[in-house]
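This report sets out the fold, two of the helices and two individual residues. The account proceeds from the whole chain to single side chains.

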Amino acid sequence: MSEQQSFSNFSEFYPYYLEEHSDIMCRRLHFVGSLLVLIVTAWALLSGKLAWLLLVPVIGYGFAWVGHFKFEKNRPATFKHPLYSLMGDWVMFRDMLIGRIRF
């Protein structure tokens with residue numbers, strides 16, 4: 001794992017982010033969590049049941065953190081780089097959807 005702790009921009013951060021997500025089960029759990037976040041958010045907004053939006057962080061982080069602690073055996077980047085990590089989640093989700101990253 002990279003020991004680099006500061007990044008000038010997201011382009012520098014993303015390769016580090018991918019290193020921290022080298023385990024396929026960790027990536028799959030991130031993907032499932034992100035997909036569920038989209039589904040729950042859409043459902044809450046369309047149904048008008050906005051209280052469901054309170055579950056969005058629990059779902060997103062829950063799946064991701066299980067992936068890190070159980071499979072990847074590392075500490076989520078969210079703790080030190082919250083904004084870049086959130087951005088990385090969605091870029092990795094897209095990259096998995098389009099086949100750029102192995103799912």
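Two residues are in contact when heavy atoms of theirs lie within 4.5 Å of each other. In this predicted model, His68 offers a suitable starting point: leaving aside its neighbours within four places in sequence, His68 is in contact with Glu20, His21, Cys26, His30, Lys73, Asn74 and Pro76.

**Surroundings of His68**

His68 belongs to helix H3. The relative accessible area of His68 is 1%; because residues under 20% count as buried, His68 is classed as buried. Its side chain makes a polar contact, at 2.6 Å, with the side chain of Asn74. Asn74 is also one of the residues in contact with His68.

**Overall architecture**

The protein contains four helices and zero strands, and its elements run α-α-α-α from the N terminus on. The radius of gyration is 14 Å, close to the 13 Å that the globule rule gives for 103 residues, so the protein is as compact as a globular protein of that length. Along the principal axes, the C-alpha atoms fill a box of roughly 45 × 25 × 25 Å.

Of the 103 residues, 37% count as buried. Among contacts with a separation of 6 or more, 64% are accounted for by residues 24 or more positions apart. The accessible surface comes to about 6,200 Å², and 67% of that surface belongs to carbon and sulfur atoms.

**Helices H3 and H4**

The table gives the dimensions of these two helices.

| Helix | Residues | Number of residues | Expected span | Distance between end C-alpha atoms |
|---|---|---|---|---|
| H3 | 55-72 | 18 residues | 26 Å | 24 Å |
| H4 | 82-97 | 16 residues | 22 Å | 23 Å |

For H3, the distance between the end C-alpha atoms agrees with the span expected at 1.5 Å a residue. For H4, the reach from the first C-alpha to the last is likewise close to the expected value.

The buried residues of H3 are Val56, Ile59, Ala64, Gly67, His68 and Glu72. They pack against helix H1 (10-19) and helix H2 (24-47). After H3 comes Lys73, which has a positive phi, near 60°. Lys73 is also among the residues in contact with His68.

In H4, Ser85, Gly88, Asp89, Met92, Phe93, Asp95 and Met96 are buried. Seen down the axis of H4, these buried residues fall within an arc of 165°, so they line one face of the helix. An α-helix has 3.6 residues a turn, so residues three or four places apart point the same way. The buried residues of H4 pack against H1 and H2, the two helices against which the buried residues of H3 also pack. Just after H4, Gly99 adopts a positive phi of about 85°.

**The outward face of H4**

Which exposed residues does H4 carry on the face turned away from its buried side? They are Leu83 and Leu97. Leu97, in helix H4, has a relative accessible area of 55%; because the cut-off for exposed is over 50%, Leu97 is classed as exposed. Leu97 and Phe31 are 66 residues apart along the chain, and their C-alpha atoms are separated by 9.0 Å.

Technical notes. Residues are numbered from 1 along each chain as its sequence is written. This is a predicted model: local features need pLDDT of at least 70, side-chain atom pairs count only at pLDDT 80 or more; totals for chains, interfaces and linings use all residues. Side-chain values use heavy atoms; hydrogens and water are left out. The expected span of a helix is 1.5 Å times one less than its number of residues. Buried means under 20% relative accessible area, exposed over 50%, partly exposed in between (1.4 Å probe, protein chains only). The arc is that of the directions from the helix axis to the C-beta atoms. A polar contact is a pair of N or O atoms within 3.5 Å; within protein, one must be able to donate a hydrogen and the other to accept it, and residues adjacent in sequence count only if both atoms are side-chain atoms. The radius of gyration is taken over C-alpha atoms; the globule rule is 2.2 Å times the number of residues to the power 0.38. Accessible areas come from the Shrake-Rupley method with a 1.4 Å probe; for residues, only the protein chains shown count as cover.
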